[in-house]
Amino acid sequence: MIYNDQWQATTRLNDGQQVLLRVIQPQDKAEMVRAFAKLSPESRYLRFLAAKGELSGQELHYLTEVDGEGHLALVAGRARADGSLEGLGVARFVRLQEDPLVAEFAIVVADEIQGLGLGTQFFRHLQAAAAERGITRLHGEVLAGNARMQNLLHDVAPEAPHVVL
């Protein structure tokens, strides 16, 4: 499997609904803003480790214009009636400059589908994409109160280092 601009996959969540996974594109900015606005304040806090009201233009650029090698992001969505993709989540890793064999990961899933397995699927794809790029370890910071992410890491990557804050 090659995680590049052409890669995409369909998958089913635990409730049976089908979602599309693909690599993020610069044109995803508007959908990222819409999806971010739908996240609860708690989900935003758990993802960004701080209260966050909106994404700046600089943040949108950083989050959607990735190089695909040291910084890769995957999006999940479902098709709308007009054919556009409704954003349901984003997962990414960023290679650490001080240790190019390690990358920091982050995952956010829309509130309405949390607990349905998308985070687990995201993490497994991040692991595979990282391995393609010679990254041997994913690392992340997780708040102690983020039980879903703690459980995900325990289930799919108990060896993955993560910092509990």
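Arg95 is partly exposed, with a relative accessible area of 22%. In this predicted model, Arg95 forms a salt bridge with Glu69, one of 11 salt bridges that a search of the whole structure finds. The points below cover the salt bridges, then the nonpolar cores, then two pairs of crossing helices.

**Salt bridges**

- Side chains of opposite charge can pair when their charged atoms come close.
- In the bridge between Arg95 and Glu69, the closest N and O atoms are 3.6 Å apart.
- Arg95 belongs to strand 4, while Glu69 sits in the loop between helix 3 (57–64) and strand 3, so this bridge ties together parts that are 26 residues apart in sequence.
- Glu69 is also partly exposed, because its relative accessible area is 44% and the partly exposed class runs between 20% and 50%.
- Glu112 forms a salt bridge with Arg78, and here the closest N and O atoms are 2.2 Å apart.
- This pair links distant parts of the chain, since Glu112 is in the loop between strand 5 and helix 4 and Arg78 is in strand 3, 34 residues apart.
- Glu112 counts as partly exposed, at 47% relative accessibility.
- Through salt bridges that share partners, Glu112 and Arg78 are joined with Lys38 and Glu86 into one network.
- Arg22 forms a salt bridge with Asp28, with 2.7 Å between the closest N and O atoms.
- Are the two partners of this bridge buried or exposed? Arg22 counts as buried, at 16% relative accessibility, and Asp28 is buried as well, with a relative accessible area of 11%.
- Both values fall under 20%, so both residues meet the cut-off for buried.

**Nonpolar cores**

- In soluble globular proteins, nonpolar side chains tend to be buried together.
- The largest nonpolar core has 32 residues, and the members that touch the most others are Phe93, Phe105, Ile107, Leu118 and Phe122.
- Five strands give two or more residues each to this core: strand 2 (18–23), strand 3 (71–79), strand 4 (85–96), strand 5 (99–109) and strand 6 (137–142).
- Two helices do likewise, helix 4 (118–132) and helix 5 (147–156).
- Which element gives the largest share of this core? Helix 4 does, with six residues.
- Leu118 touches Leu13, Val19, Leu21, Ala76, Leu88, Val109 and Ile113, when residues up to four places away in sequence are not counted.
- A second core, separate from the largest one, has 11 residues, including Met32, Leu39, Leu63 and Ala73.

**Helix 1 and helix 3**

- The axes of helix 1 (residues 29–38) and helix 3 come within 10 Å and cross at roughly 110°.
- Because of this angle, the two helices are roughly perpendicular to each other.
- Helix 1 passes helix 3 in a right-handed crossing.
- On the helix 1 side, the residues that meet helix 3 are Lys29, Met32 and Val33.
- Their partners in helix 3 are Leu60, His61, Leu63 and Thr64.
- Met32 and Leu63 appear in this contact and are also members of the second core.

**Helix 4 and helix 5**

- The axes of helix 4 and helix 5 also come within 10 Å, and they cross at roughly 50°.
- These two helices are therefore oblique to each other.
- Their crossing is right-handed.
- From helix 4, Gly119, Thr120, Phe123, Arg124 and Gln127 meet Leu152, Leu153 and Val156 in helix 5.

Terms used: Residues are numbered from 1 along each chain as its sequence is written. This is a predicted model: local features need pLDDT of at least 70, side-chain atom pairs count only at pLDDT 80 or more; totals for chains, interfaces and linings use all residues. Side-chain values use heavy atoms; hydrogens and water are left out. A nonpolar core is a set of buried Ala, Val, Leu, Ile, Met, Phe, Trp, Tyr and Cys residues joined through side-chain atoms within 4.5 Å. Buried means under 20% relative accessible area, exposed over 50%, partly exposed in between (1.4 Å probe, protein chains only). Helices (H or I, at least four residues) and strands (E, at least two) are DSSP runs, numbered from the N terminus. Contact means heavy atoms within 4.5 Å. A salt bridge is a side-chain nitrogen of Lys or Arg within 4 Å of a carboxyl oxygen of Asp or Glu. Axes are lines fitted to C-alpha atoms, for helices over the stretch in contact, and angles run from 0 to 180 degrees between N-to-C directions. Angles under 35 degrees count as roughly parallel, over 145 as roughly antiparallel, 65 to 115 as roughly perpendicular and the rest as oblique. A crossing is left-handed if the near helix is turned anticlockwise from the far one by less than a right angle, and right-handed if clockwise.
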